[in-house]
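Please find below a note for a colleague who is beginning to read protein structures. It is best read with the structure open alongside.

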Amino acid sequence: MAEALLEELQKWRKQQGNINTRPSINATSYLILRAPTEWETEQKKQGLLSRRAAKALSKIEKHKSLWDLAYKAIELVKPHDPEFLESFSALAVTYNFTGSPHIDKQNTGPFYGLSLGNFDGPVN
């Protein structure tokens, strides 16, 4: 699964280029994919999608293979943290991300991180 996910991430990287949708985050490329449960709930309540939800749906459709593989990886957490799969609301996909100690005011719930790639060579 890790190999398939890495391959899909490499495809995403070529397609995405140096687009960082959150400039306050130190990453060459950054993309947020909102979990479908967020906008599906909104659609059921309101009968139609808000502009924000429609944009989130479009991103999921555009990156469906990446989302599906990442979700399979997230499902591996279920035996250890069964509530997480039901509560997670977004997936951050990054390239050349440099983390730093901070307080995240937007994402206040628990999260998991997974890094894939070659960490021995120079950053491309």
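The points below concern aromatic pairs, the nonpolar core and one helix.

1. Nature of the model. The structure under discussion is a predicted model, and the remarks that follow should be read in that light.

2. Aromatic pairs. Two values serve to describe a pair of aromatic rings: the distance between the centres and the angle between the planes. Across the whole structure, a search finds five aromatic pairs. One of them joins W67 and F88, which are stacked, with 6.0 Å from centre to centre and 20° between the planes. This pair links distant parts of the chain: W67 belongs to helix α4 (residues 64–75), while F88 lies in the loop between α5 (82–87) and β2 (90–95), 21 residues apart.

3. Burial of the paired rings. W67 counts as buried because its relative accessibility is 7%, below the cut-off of 20%. F88 likewise counts as buried, at 7% relative accessibility. F88 also pairs with F84: the ring centres are 5.8 Å apart and the planes meet at 20°, so this pair is stacked. F84 is buried as well.

4. The aromatic cluster. Which residues form one aromatic cluster? They are W67, Y71, F84, F88 and Y112.

5. The nonpolar core. The largest nonpolar core contains 18 residues, and those with the most contacts inside it are L5, L33, W67, I74, F88, L91 and V93. Two or more residues are given to this core by each of α1 (2–16), β1 (29–34), α4, α5 and β2. Helix α4 gives the most, with six residues.

6. Contacts of L33. Neighbours within four places in sequence are left aside here. L33 is then in contact with K59, I60, H63, W67, S89, A90, L91 and V93.

7. Helix α1: length and end. The 15 residues of α1 reach 20 Å from the first C-alpha to the last, close to the 21 Å expected at 1.5 Å a residue. After α1 comes G17, which has a positive phi, near 65°.

8. Helix α1: two faces. In an α-helix there are 3.6 residues a turn, so residues three or four places apart point the same way. The buried residues of α1 are L5, E8, W12, R13 and Q16. Viewed down the axis of α1, the buried residues fall within an arc of 150°, so they line one face of the helix. The face turned away from this buried side carries the exposed residues E3 and K14. Among the elements covering the buried residues of α1 are β1, α4 and β2.

Conventions. Residues are numbered from 1 along each chain as its sequence is written. This is a predicted model: local features need pLDDT of at least 70, side-chain atom pairs count only at pLDDT 80 or more; totals for chains, interfaces and linings use all residues. Side-chain values use heavy atoms; hydrogens and water are left out. Rings of Phe, Tyr and Trp (its six-membered ring) pair if their centres lie within 6.5 Å; planes under 30 degrees apart count as stacked, over 60 as edge-to-face and the rest as tilted. Helices (H or I, at least four residues) and strands (E, at least two) are DSSP runs, numbered from the N terminus. Buried means under 20% relative accessible area, exposed over 50%, partly exposed in between (1.4 Å probe, protein chains only). A nonpolar core is a set of buried Ala, Val, Leu, Ile, Met, Phe, Trp, Tyr and Cys residues joined through side-chain atoms within 4.5 Å. Contact means heavy atoms within 4.5 Å. The expected span of a helix is 1.5 Å times one less than its number of residues. The arc is that of the directions from the helix axis to the C-beta atoms.
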